[in-house]
Amino acid sequence: MNKRDDFEYTLKDIFSLVLQLRENGTLEHGRDFKALLSCENPELHSFLYANARAVTEDRFGKKVYLRGLIEFSNFCKNDCFYCGLRAGNKKLERFRLTETEILDSCESGYAIGARTFVLQSGEDGFYTDDIICGIVSSIKKKYPDCAVTLSLGEKSKQSYLRFFEAGADRYLLRQESSYPEYYMRLHPAAMSCEKRLQCLWDLKEIGYQVGTGFMVDSPYQTVQDIITELDFMKQFEPQMVGLGPFISHCDTPFSTFPDGSADLTLRVISAVRLMLPDALIPATTALGSISEDCRTSAFASGANVVMVNVSPVFSREKYAIYDNKADTSFEELRRNIASLGLELEISRGDHKNFTQLNSARK
Ligand code: 5AD
């Protein structure tokens, strides 16, 4: 065995790794991350969460940024092994929202204080670039004080550029995995890790605020796979990072795998906060679907964004990415956030490195 792998960490060593990560934004060795993420000591977990929360408060105070989420189509041409929206799931009843329904959803979002609208869908060819650009510009025209975030999957650089020129500010595209061998475990051969990463770099080059992320504790994932994603994100420097536990969906090839660990997800959120102190990190619906307490705990572990579903009620249950997806009311989320002494912030909530290029466009 390699001597380095043989290194024995005491609990004290692991506590000091938390401080090192906070101080330097990284750790010296991959094995340090492994020791930190694998440690099952509850006091160490609390120490990690508290440090991540302290860094969040240094940068953002007590604010939690609110986003209005509009899930506007559950059609998808892809066949990702984990996702209930996969093309191969013939049991799912599909829906598409019209532009009017999307604008009505924005209105509901605006009324509760959302100043960012996140438009998310499966990879649905029905919405041409012209249609998307039309929707984005209508929203920007009606709500000039709001940001628009798109989450439509993989597109050409030309399409991303057109959406940006139409007024889109941000784009969410989780890498899922930046390591081809693990990426292939989650996706059919028609999809490629390389293409995914190219999309992310294209988005960044165009000037979007970009969100990456991945599922924690997904089938076949090792701690080393998680460390690979942390390394990728440290290098990519996304403005947003979405992290949630894997949750199985009964009509997918991964139906028999157990749900991912919420605790490990919280530790990964904390590690990302210490590595990317300015990142916007949502307390995800996947965490809320394990239990609403888990989502609340995410704020105490370094998350600072909440997405409230403002889509029409008739379509919500059809956007079934995984089983038992939480549909928590704004009021309940607000109460839970307030119970931690935190407050919802009514503003666009841009990343600090919101570039000149972005502001110049407006
Ligand atoms: N469990 C948890 N998260 C999932 N996603 C898709 N399917 C699942 C699942 N079964 C996540 C993916 C995707 C995001 C929209 O939802 O990471 O990028």
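Q: Where does the ligand sit?
A: A cavity is a space where a probe fits but cannot get out. In this predicted model, the ligand sits in the largest cavity.

Q: Which residues surround the ligand there?
A: Look for residues with a heavy atom within 4 Å of the ligand. Here you'll find Tyr-82, Cys-83, Arg-174, Glu-176, Met-215, Pro-245, Phe-246, Ile-247, Ile-321 and Tyr-322. Sorted by character, that shell has eight nonpolar residues, no polar ones and two charged ones.

Q: What polar atoms of the protein lie by the ligand's oxygen and nitrogen atoms?
A: Check for pairs of N or O atoms within 3.5 Å. Arg-174 places a polar side-chain atom 2.9 Å from a ligand oxygen, and a side-chain N or O atom of Glu-176 is 2.5 Å from an oxygen of the ligand. Ile-247 joins in through its backbone: one N or O atom there lies 2.6 Å from a ligand nitrogen. As for cover, the ligand on its own has 400 Å² of accessible area, and the protein covers 86% of that.

Q: How many salt bridges does the whole structure have, and which residue pairs with Lys-91?
A: The test is a Lys or Arg side-chain nitrogen within 4 Å of an Asp or Glu carboxyl oxygen. The search turns up 25 salt bridges. Lys-91 pairs with Asp-251, with 3.2 Å between the closest N and O atoms.

Q: Why does that pair tie together parts far apart in sequence, 160 residues in all?
A: Lys-91 is in the loop between strand E1 (63-73) and helix H4 (99-112), while Asp-251 is in the loop between strand E6 (240-245) and helix H10 (262-275), so the bridge links parts 160 residues apart in sequence.

Note on methods
Residues numbered from 1 in each chain as written. Predicted model: local features only at pLDDT ≥ 70, side-chain atom pairs only at ≥ 80, totals over all residues. Heavy atoms only, no water. Polar contact = N/O pair within 3.5 Å; in protein donor to acceptor, adjacent residues only side chain to side chain. Areas by Shrake-Rupley, 256 points an atom, 1.4 Å probe, with all protein chains shown as cover. 1 Å grid on protein atoms, 1.4 Å probe; cavity = no way out; pocket = protein on both sides within 12 Å on 5 of 7 lines; lining within 4 Å. Sits in = over half its atoms within 2 Å of the grid points. Nonpolar A, V, L, I, M, F, W, Y, C, P; charged D, E, K, R; others polar. Helix = DSSP H or I, 4+ residues; strand = E, 2+ residues; numbered from the N terminus.
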